[in-house]
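Reader: Hello! I would like a close look at a single part of this model, with some of its surroundings. Could you walk me through it?

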Amino acid sequence: STLPRLTALLQSVGLSISEREIQRLLTEKQDGFLDETRDVLRAGLRTSPWISVDDTGARHKAKNGYCTQIGNEHFTWFGTRPSKSRLNFLDLLRAGHTDFVLNDAAFDYMRGRALPAMLIASLAEQPERDFADQASWSAQLDRLGFTGLTTTPDPVQIATEGAIWGSIHAHDFLRDAVVLSDDAGQFAIGQHALCWVHAERLVHKLDAFTEPHRAAQQNVRKLIWNFYADLKAYKANPDKHRRLALRARFDRIFRCRTGFATLDRLLARLHANKAELLMVLERPEIPLHTNGSENDIRCHVTRRKVSAGTRSDLGRDCRDAFLGLAKTCARHGVAFWDYLGSRLKVPGHTVVPPLAEL
């Protein structure tokens, strides 16, 4: 709700209060709530077998930005930043930590992103492996000559992403967790799975101009949805022989040639994502779609329609924190009113334990 409507509501019941006072109540002295939403994220990243992610546009200080959602069936967390790059996503996954760590996970990440072996060796040869903040890490890269290089991929970016990934592992986050996304490139890290609903949507949205093309499109959609139904059945009762059969069937569907050139190119592109689309065969506990993230982030889209954006960093952080806390309470059947009463120590209210413990 907007501040003018909140003010009118409170004044209508006899409370003498201004919009500015309501703004202060909503954003000032909320460190306890901000700490709890950070602890919720850390607990989720440390214990969850999978997380689902999504993002949407969000304006802050009259500039375009992006709000990223991270969560699953146990928690929801939101973070708004100016960028939606992979570097930004990795930074969010540090859950408030600011260190950079060079460990096996960091070096594996750098190799996977094609950082030259010579540069990886120069980092590995140094005695320093832990860097407390961005300044100390940047100084190390500058000493080793990374900042003067103009090769592709950017050595500074890949090394920094790797060191943040090392920090994530050092804090015991996402050790064996799957990241489920809609195929946005910034989310493709670690063990990555793709949403089947978004994959099929690409076929559904194709423009077909002839009857044969429309028939081929509908036939492929039918094959995909039948395959999807069998994947759901597999999740309920995993079986090695069925897993092998589903892999072979995936190849038949996405390697077929329909004569509709655009559709055939799309099928080839989806086949290239085989490992991520079929991650569920190895990890049947993960969902086949990102509907949970889509539903969670819808509240942020609604909030965006109410207000053009936030004006202060504190207001942005409080907005994200309370949206995430409310969603997390709902996950555990806790009324948000009771949660607020417990945290504000209102006499007679139900005691709600820390959400990170739930």
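In which helix is the place of E36? And what lies around that part?

Author: Happy to take you through it, and please keep in mind that this is a predicted model. E36 sits in helix 3, which covers residues 31–47. E36 counts as buried because its relative accessibility is 10%, and the cut-off for buried is under 20%. Leaving aside residues up to four places away in sequence, E36 touches L325, Y339, R343, P354 and L355.

Helix 3 also takes part in a pocket. Together with strand 3 (76–81), helix 4 and helix 16, helix 3 supplies at least two residues each to the lining of the second largest pocket. That pocket has a volume of about 370 Å³. Its lining is made of 19 residues, and R38, W77, R81, G96 and D317 are the ones nearest the centre. Sorted by class, the lining of the second largest pocket holds seven charged, seven nonpolar and five polar residues.

Helix 16 leads on to the largest pocket, where the space comes to about 1500 Å³. Here helix 16 (313–331) supplies at least two lining residues, as do helix 1 (3–12), helix 2 (19–27), helix 15 (291–306) and helix 17 (336–343). Helix 2 gives the largest share of this lining, with seven residues. In total 38 residues line the largest pocket, and those nearest its centre are L3, L6, I22, L26 and R303. By class, 19 of the lining residues are nonpolar, 13 are polar and six are charged.

Strand 3, met above at the second largest pocket, belongs to an open sheet of five strands with the order 3-2-1-6-7 and mixed pairing. Strand 3 and strand 7 (191–194) are the edge strands, each pairing on one side only. From one strand to the next, the twist averages 30°. As general background, strands of a sheet pair through backbone hydrogen bonds, in either a parallel or an antiparallel way.

Both kinds of pairing can be seen at strand 1. With strand 2, strand 1 runs antiparallel, and nine bridges join the two; T56 stands opposite C67 of strand 2. The hairpin formed by strand 1 and strand 2 has two residues between the strands, and K61 takes a positive phi near 55° there. With strand 6 (residues 178–181), strand 1 (residues 50–60) runs parallel, joined by three bridges. On that side W50 stands opposite V178 of strand 6.

Strand 1 is mostly covered, with nine of its 11 residues buried. Helix 15, which supplies lining residues to the largest pocket, lies across strand 1, strand 2 (63–71) and strand 3, and runs at about 10° to strand 1.

Finally, helix 4 offers a link to another part of the model. Helix 4 (86–93) is among the elements that cover the buried residues of helix 5, and these also include strand 4 (100–101), helix 6 (117–124) and helix 8 (155–170). The buried residues in helix 5 (residues 104–112) are A105, A106, F107, Y109 and M110. Just after helix 5, A114 takes a positive phi of about 65°.

To come back to your starting point: E36 is a buried residue of helix 3, and helix 3 helps to line the second largest pocket.

Notes
Residues are numbered from 1 along each chain as its sequence is written. This is a predicted model: local features need pLDDT of at least 70, side-chain atom pairs count only at pLDDT 80 or more; totals for chains, interfaces and linings use all residues. Side-chain values use heavy atoms; hydrogens and water are left out. Buried means under 20% relative accessible area, exposed over 50%, partly exposed in between (1.4 Å probe, protein chains only). Helices (H or I, at least four residues) and strands (E, at least two) are DSSP runs, numbered from the N terminus. Contact means heavy atoms within 4.5 Å. On a 1 Å grid over the protein atoms alone, a cavity is a set of points where a 1.4 Å probe fits but cannot get out, and a pocket is an open set with protein on both sides within 12 Å along at least five of seven lines; lining residues have an atom within 4 Å of a point. Grid points are joined across faces, edges and corners, and a volume is the space filled by probe spheres set on the points. Ala, Val, Leu, Ile, Met, Phe, Trp, Tyr, Cys and Pro count as nonpolar, Asp, Glu, Lys and Arg as charged, and the others, Gly among them, as polar. Two strands pair if DSSP finds at least two bridges between them. Axes are lines fitted to C-alpha atoms, for helices over the stretch in contact, and angles run from 0 to 180 degrees between N-to-C directions.
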